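Good morning, colleagues. Please turn to the structure on the screen while I speak about its charged side chains.

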Amino acid sequence: MRVIPLASESLGVRSLATFVEASGLKILIDPGVALGPKRYGLPPAKVELETLQQMRRKLQGYAKRADVVTISHYHYDHHTPFFEGLYESSSEEYAREIYAGKFLFIKHPRENINFSQRKRAWAFLKNAEPIAKKIEFADGRAFDLGGVKLEFSPAVPHGSEGSKLGFVVMVLIDDGSKRVIHASDIQLLNRKAVEWIIAKNPDLLITGGPPTYLGKRAEGSWETGIKNLNEIIRETNAEIILDHHIVRDKRYPEFFDELEKKPKTFAGYLKVEDRPLEAYRRELHKREKGEETELPFSPEEKP
């Protein structure tokens, strides 16, 4: 099995897009990239906009190779919508290239879903159904695709229990030699997700950490995330790839240091430099104005 992280906060955009090759089957997970429209009261810096376009092209290239596309939920950093939006991986032509002729396994568009995502799911299905090879609602189901097993979790909260952000589904890919779980926006904050991961005992877990960058709105999430991920590490001994929300917080290396097994970001897994652009948006805007400012990475490096 070959696992290729495609886009994430450590690579300069909001995403957890991943490509997996298993026994000849090519799977694209959560094909969306986006930028935070406001951070520190600022719009994206120029280098963020450039990186977004680079990541869109990268995602497009891998989508052409994919047989299967999975979607954990309908936020724009996890799926590509069929409309032109602000700082989002969208436009009808681009979306068609992602989904046309693919076998789609998607979060149920009507069950265990909040109002905003239900609207997005309706718009997505309206456009995807005529061009997809087949669409399956994946929640809590398992599929055998020529010896490669795709098993989806039941819908679990997007973050903490009772989250107003809705629900997501996780996916287990098992080719008989390796078990990989892509656990999208669970944020390591709810027991249902943690228990499902431990029960499935993956060799590799790809997940997003808690949204500690939100400050008081995420109070307690740091401690809960550490506790839950350490439990997963002890119970499964899985290799951990950790990225997404936690990397929007400049303190994410400290979070990693508190874990019993140090994870890798997407960038670290690819053996390139972390470029958490959003976390350093203030500094990037200062650089654009010609002001001197220190950054722990090279903003000019191509992802």
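The side chains of arginine 234 and glutamate 260 form a salt bridge, with N to O at 2.7 Å; by salt bridge I mean a side-chain nitrogen of Lys or Arg within 4 Å of a carboxyl oxygen of Asp or Glu. This pair joins distant parts of the chain: arginine 234 belongs to helix α5 (residues 221-236), while glutamate 260 sits in the loop between α6 and α7, 26 residues apart. Helices (H or I, at least four residues) and strands (E, at least two) are DSSP runs, numbered from the N terminus.

I should state at once that this is a predicted model, in which local features need pLDDT of at least 70, side-chain atom pairs count only at pLDDT 80 or more, and totals for chains, interfaces and linings use all residues. Residues are numbered from 1 along each chain as its sequence is written, and side-chain values use heavy atoms, with hydrogens and water left out.

How many salt bridges does a search of the whole structure find? The search finds 20. One of them links glutamate 151 and lysine 200, at 2.7 Å from N to O. Here too distant parts of the chain are connected, since glutamate 151 lies in strand β8 (residues 148-152) and lysine 200 in helix α4 (residues 191-200), 49 residues apart. Is glutamate 151 buried or exposed? Glutamate 151 is buried, because its relative accessible area is 14%; buried means under 20% relative accessible area, exposed over 50%, and partly exposed in between (1.4 Å probe, protein chains only).

Within helix α4, arginine 191 and glutamate 195 also meet in a salt bridge, at 3.7 Å from N to O. These two residues are four apart in the helix, so about one helical turn separates them. Both partners are partly exposed: arginine 191 has a relative accessible area of 34%, and glutamate 195 has 47%. A network of salt bridges, moreover, links Arg2, Glu21 and Arg65.

I close with lysine 133, located in the loop between α3 (115-128) and β6 (134-137). Lysine 133 counts as exposed because its relative accessibility is 66%. Apart from neighbours within four places in sequence, lysine 133 contacts Gly101, Lys102 and Phe103, contact meaning heavy atoms within 4.5 Å. The C-alpha atoms of lysine 133 and asparagine 230 are 40 Å apart, with their positions 97 residues apart along the chain.
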